[in-house]
Amino acid sequence: MSRLPFGPLGDSALVVCVDMQRIFLEPGDWFCPTGLEIVPAIRSLVAARPDRSWFTRFITARTPEAATGTWQRYYRHWTGVTQEAAGADVLDLHEDLAPYAGPGRIFDKWTHDAFDSDGFAAAVAGLQPSALVFCGVETDVCVLASVLSAVDLGYRVIVPREAVASSDMAGHRACLDAVYPRFDQQVELASLDDILAEWTTP
């Protein structure tokens with residue numbers, strides 16, 4: 001009997017590690033301290049199948065004026081995270097995870113949603129994964145936006161509870177306790193151990 005609600009992951013499952021970057025994991029305007037706590041869990045997940053692990057990076061605007069629409073107001077509020085203020089190096093992946101992000105497995109995005117990244121949606125569709133396992137930060141922002149797009153596109157979606165985090169604990173808890181369970185036929189919340197146990201080895 002499977003340890004996951006809808007059976008084993010299948011060999012073609014894909015991990016999507018969302019925005020585990022220095023800008024969220026080092027002191028600064030967007031510091032998410034709990035993000036550091038999930039690094040070991042994510043490392044164990046991507047180390048299990050590095051060839052099936054993709055990473056997204058949230059690329060901030062160079063300046064507020066370089067952004068479009070309401071993103072300009074957003075970056076006027078968050079001026080400290082613009083590339084002009086914070087530099088581009090903070091957009092790098094966390095040093096413990098970067099070694100697992102091989103060529104062609106990093107997707108840059110300028111919005112919350114991984115599927116807005118150039119080439120990401122087409123690359124996922126081309127692989128036809130048996131499931132998408134979303135981890136990273138933040139549970140209630142970029143992970144949520146990406147999960148909902150995956151749901152709309154009809155993918156099987158799994159979220160490991162120990163491998164998502166947010167700087168807003170109320171938002172994090174609300175997603176795990178109420179928002180994701182609202183999609184109980186499309187989003188599976190699972191433990192990391194159960195996911196790893198059900199991931200068919202090649």
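The following legends describe close-up views of a predicted model.

**View 1. The annotated domain, residues 14-185.** The UniProt record, an unreviewed entry, places the feature "domain: Isochorismatase-like" at residues 14-185. Over this span the chain is 35% helix and 16% strand. The C-alpha atoms at the two ends of the span are 19 Å apart.

**View 2. The largest nonpolar core.** This core comprises 67 residues. Those with the most contacts inside it are Leu9, Met20, Ile42, Leu132, Phe134, Val147 and Tyr180. Helix H7, which covers residues 142-152, gives the most to the core, with six residues.

**View 3. The surroundings of Tyr180.** Tyr180 is among the residues with the most contacts inside the largest nonpolar core. Leaving aside neighbours within four places in sequence, Tyr180 is in contact with Thr139, Val143, Leu144, Val147, Val159, Cys175, Val187 and Leu189. One of these partners, Val147, is likewise listed among the residues with the most contacts inside the core.

**View 4. Strand E3 and its pairing with E2.** In a regular strand the side chains alternate between the two faces of the sheet. Along strand E3, residues 106-109, Phe107 and Lys109 point to one face and are buried. Ile106 and Asp108 point to the other face and are not buried. Strands E2 and E3 pair in the parallel sense over four bridges. Within this view, Phe58 stands opposite Lys109 in E3.

**View 5. Glu188 in strand E7.** Glu188 lies in strand E7, which spans residues 187-190. Its relative accessible area is 2%, so Glu188 counts as buried, the limit being under 20%. A polar contact of 2.6 Å joins the side chains of Glu188 and Arg156. In addition, a polar atom of the Glu188 side chain lies 3.4 Å from the backbone nitrogen of Phe6. Leaving aside neighbours within four places in sequence, the residues in contact with Glu188 are Leu4, Pro5, Phe6, Arg156, Val157, Ile158 and Val159.

**View 6. Asp51 in the loop between helix H3 and strand E2.** The loop that holds Asp51 lies between helix H3 (39-48) and strand E2 (53-58). With a relative accessible area of 45%, Asp51 is partly exposed, because this class covers values between 20% and 50%. Asp51 and Ala101 are 50 residues apart along the chain, and their C-alpha atoms are separated by 8.9 Å.

Note on methods: Residues are numbered from 1 along each chain as its sequence is written. This is a predicted model: local features need pLDDT of at least 70, side-chain atom pairs count only at pLDDT 80 or more; totals for chains, interfaces and linings use all residues. Side-chain values use heavy atoms; hydrogens and water are left out. Buried means under 20% relative accessible area, exposed over 50%, partly exposed in between (1.4 Å probe, protein chains only). A nonpolar core is a set of buried Ala, Val, Leu, Ile, Met, Phe, Trp, Tyr and Cys residues joined through side-chain atoms within 4.5 Å. Contact means heavy atoms within 4.5 Å. UniProt positions are given in the numbering used here, feature names are shortened, and annotations may be inferred rather than shown by experiment. Two strands pair if DSSP finds at least two bridges between them. A polar contact is a pair of N or O atoms within 3.5 Å; within protein, one must be able to donate a hydrogen and the other to accept it, and residues adjacent in sequence count only if both atoms are side-chain atoms.
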